[in-house]
Amino acid sequence: MTSILLLSGPNLNLLGTREPAIYGTATLDDHVEHATSAAASFGATLHHLQSNHEGVLIEAIHAARGVDDAIIMNAGAFTHTSWAIHDALSAFEGVIVEVHLSNPAAREPFRHTSVLAPVAHGSIAGFGALSYVLGVQAVANLLGITQAP
Ligand code: DQA
């Protein structure tokens with residue numbers, strides 16, 4: 001069965017109460033639930049890890065090698081800074097999709113660069129909760145899954 005790892009970076013555990021005007025009022029659990037349902041509709045399983053620690057995220061990417069078919073990652077602010085996560089993703093042989101709730105390109109200049117985008121198959125940003133569902137659809141498409149079993 002197709003297995004997808006959803007990774008959430010720093011501060012995303014605060015979703016629901018964190019800057020709701022930017023990130024909305026849905027919690028991280030809500031987003032994970034939507035992504036899990038979307039994955040199930042393609043016959044895939046999805047498991048999720050959130051961490052505020054760069055090394056924990058890197059070790060999760062290492063553990064996904066040879067195990068998961070795809071990684072969907074919202075790395076939070078590590079998106080803009082972490083060459084270490086960039087390198088870890090480079091060593092993952094499966095599909096990689098970057099997702100963001102907000103549209104970083106329309107925000108402060110420091111958010112305009114993603115150091116992870118060059119090692120992702122693609123990036124989805126600015127669609128709120130829909131970004132996660134679109135991320136799962138992108139994975140299914142890239143893996144050649146066209147319908148549920
Ligand atoms: C974010 C955008 C990042 O710039 C920010 O640091 C986040 C959330 C998003 O989902 O919109 O923590 O990744």
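Visitor: How do the residues of the shell around the ligand divide into nonpolar, polar and charged?
Guide: This is a predicted model, in which local features need pLDDT of at least 70 and side-chain atom pairs count only at pLDDT 80 or more, while totals for chains, interfaces and linings use all residues. Residues are numbered from 1 along each chain as its sequence is written, and side-chain values use heavy atoms, without hydrogens and water. Among the surrounding residues (a heavy atom within 4 Å of the ligand) are Tyr23, Asn74 and Arg111. With Tyr counted as nonpolar, Gly as polar and Arg as charged, the shell has three nonpolar, five polar and two charged residues.

Visitor: Which residue has a polar side-chain atom 2.5 Å from an oxygen atom of the ligand?
Guide: Polar contacts here are pairs of N or O atoms within 3.5 Å. The side chain of Arg18 places an N or O atom 3.1 Å from a ligand oxygen, and Ala77 has a backbone N or O atom at 3.1 Å from a ligand oxygen. The distance of 2.5 Å belongs to a polar side-chain atom of Ser102.

Visitor: How much of the accessible area of the ligand does the protein cover?
Guide: On its own, the ligand has 330 Å² of accessible area (Shrake-Rupley method, 1.4 Å probe). Of this area, the protein covers 99%.

Visitor: Is Ala84 buried, partly exposed or exposed?
Guide: Ala84 belongs to helix 4, residues 83-90 (a DSSP run of H or I, at least four residues). Buried means under 20% relative accessible area and exposed over 50%, with a 1.4 Å probe and protein chains only. Because its relative accessible area is 36%, Ala84 is partly exposed.

Definitions and conventions
Polar contact = N/O pair within 3.5 Å; in protein donor to acceptor, adjacent residues only side chain to side chain. Helix = DSSP H or I, 4+ residues; strand = E, 2+ residues; numbered from the N terminus.
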